[in-house]
Amino acid sequence: GRKLPKPDKTRVLTVANQKGGVGKTTTTVNIAAGLAAAGLQVLVIDIDPQGNASTALGIDHRAEVASIYDVLIDDVPLHEVVAPCPDLDNLICAPATIHLAGAEIELVSLVAREQRLRRALEAYAEHRKQTGLPRLDYVLIDCPPSLGLLTVNAFCAAFEVLIPIQCEYYALEGLSQLLKNIGMIQKHLNAELEVSTILLTMYDGRTNLASQVAADVRSHFPEKVLTAVIPRSVRISEAPSYQQTVLTYDPSSSGALSYLEAAAELAERGVNRG
Ligand code: ADP
Ligand code: MG
């Protein structure tokens, strides 16, 4: 694979959009796979009770498995729940189980309830150092669609937000609400958080609407939108049912190539920024 630069410090990205079905999970796992394929050390944190990212990465997430739920609620160290992705070197995942559905409510009464994921990640970085494991290059957090305490934990643990946008009519409307919420997080909980990257997904080049929406998003956020665009592709949507990312499921497909391109761009720009 293509060689990508290592960031000077671990880049922690939350993949967020308050709409469901816009490609958050698909983007999380395929960008993660693209980075890992280039030899970078990548951790995916699945913080959506649906557990779709865990499924797509082939990670066991049946109810009895230790998961990110135990980390958030019972202070179990992250190193006890991460599992290696069977098909990809350099990629590990902290799975979500169905118990996470209750975590939104259980978190409410806990101390430092917004910061629990951040603390767990800090402790995990220290653990890797102590045990001689290489430093993580990327952490990607797959969020549920709502702005509950799980998503707030993700925003507090991250330095960057990656927003996948589906090229359809309501895209910009949803985006302004999301940016408002991120503004609140920046003001009250995590001043370091930045929307660094926007990725256009499920792009159907045959429709005028898609190219119009893409042009609108680019003109509003010229610095943030990746040049690479993810096409609507059957191969991308089939891959999870084989517990795979599209990169291993069909490496030469347009979907795989576009995610590789997006991952490369993310890695290359990040290092050149500021
Ligand atoms: P979210 O996590 O935002 O809810 P998903 O990543 O699960 O969204 O995507 C929603 C659905 O769309 C899934 O069935 C997924 O396989 C499919 N999908 C995602 N991206 C693409 C794409 N580029 N082409 C075709 N189908 C896609
Ligand atoms: Mg999802």
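Me: In this predicted model, how many of the five residues of β2 are buried?
Reply: A residue counts as buried if 20 or more other C-beta atoms lie within 10 Å of its own. By that yardstick β2 is mostly covered. The number of its residues that are buried is five.

Me: Which residues point the other way from Val-42, Val-44 and Asp-46 in β2?
Reply: Picture the strand with side chains going two ways, and every one of them buried. Val-42, Val-44 and Asp-46 take one side. On the other side you'll find Leu-43 and Ile-45.

Me: Over how many bridges do β2 and β5 pair?
Reply: β5 is the strand of residues 138–142, and β2 pairs with β5 in the parallel sense. One of the matched pairs joins Asp-46 to Asp-142 in β5. The bridges between β2 and β5 come to five.

Me: In what sense do β2 and β4 pair, parallel or antiparallel?
Reply: Let's look at who faces whom. Leu-43 sits opposite Ile-92 in β4, and Val-44 sits opposite Cys-93. There are four bridges between β2 and β4, and their sense is parallel.

Me: And β3 with β4, is that parallel or antiparallel?
Reply: β3 spans residues 83–84 and shares two bridges with β4. Pro-84 has Ile-92 as its bridge partner in β4. These two strands form a hairpin with six residues between them. Their pairing is antiparallel.

Me: Which residue in that hairpin of β3 and β4 takes a positive phi?
Reply: Check the hairpin, which has six residues between the strands. A phi near 70° turns up there, and the residue that takes it is Asn-90.

Me: Which helix gives the largest share of the largest nonpolar core?
Reply: This core has 89 residues, and among those touching the most other members are Val-42, Val-44 and Ile-68. Ile-68 also touches residues such as Ile-45, Val-81 and Leu-100, leaving aside those up to four places away in sequence. The largest share of the core is eight residues, and it comes from helix α11.

Me: Which element gives the largest share of the shell around ligand 1?
Reply: The shell holds 16 residues, with Gly-23, Lys-24, Thr-25, Thr-26 and Ser-237 coming nearest. Two elements give two or more residues, α1 (24–37) and α9 (234–238). The largest share is three residues, from α1.

Me: How many residues of that shell around ligand 1 are polar?
Reply: Split the shell by type: five residues are nonpolar and two are charged. The polar ones number nine.

Me: How far apart are the end C-alpha atoms of residues 11–195?
Reply: An unreviewed UniProt entry annotates this stretch as "domain: AAA". Over it the chain is 41% helix and 16% strand. Its end C-alpha atoms are apart by 13 Å.

How values were computed:
Residues are numbered from 1 along each chain as its sequence is written. Chains are lettered from A and ligands numbered from 1 in the order in which they are written. This is a predicted model: local features need pLDDT of at least 70, side-chain atom pairs count only at pLDDT 80 or more; totals for chains, interfaces and linings use all residues. A residue is near a molecule or strand if its C-beta atom, placed from the backbone, lies within 6 Å of it. Ala, Val, Leu, Ile, Met, Phe, Trp, Tyr, Cys and Pro count as nonpolar, Asp, Glu, Lys and Arg as charged, and the others, Gly among them, as polar. A nonpolar core is a set of buried Ala, Val, Leu, Ile, Met, Phe, Trp, Tyr and Cys residues joined through C-beta atoms within 7 Å. A residue is buried if 20 or more other C-beta atoms lie within 10 Å of its own, exposed if 12 or fewer, and partly exposed in between; C-beta atoms are placed from the backbone. Two residues are in contact if their C-beta atoms, placed from the backbone, lie within 7 Å. Two strands pair if DSSP finds at least two bridges between them. UniProt positions are given in the numbering used here, feature names are shortened, and annotations may be inferred rather than shown by experiment.
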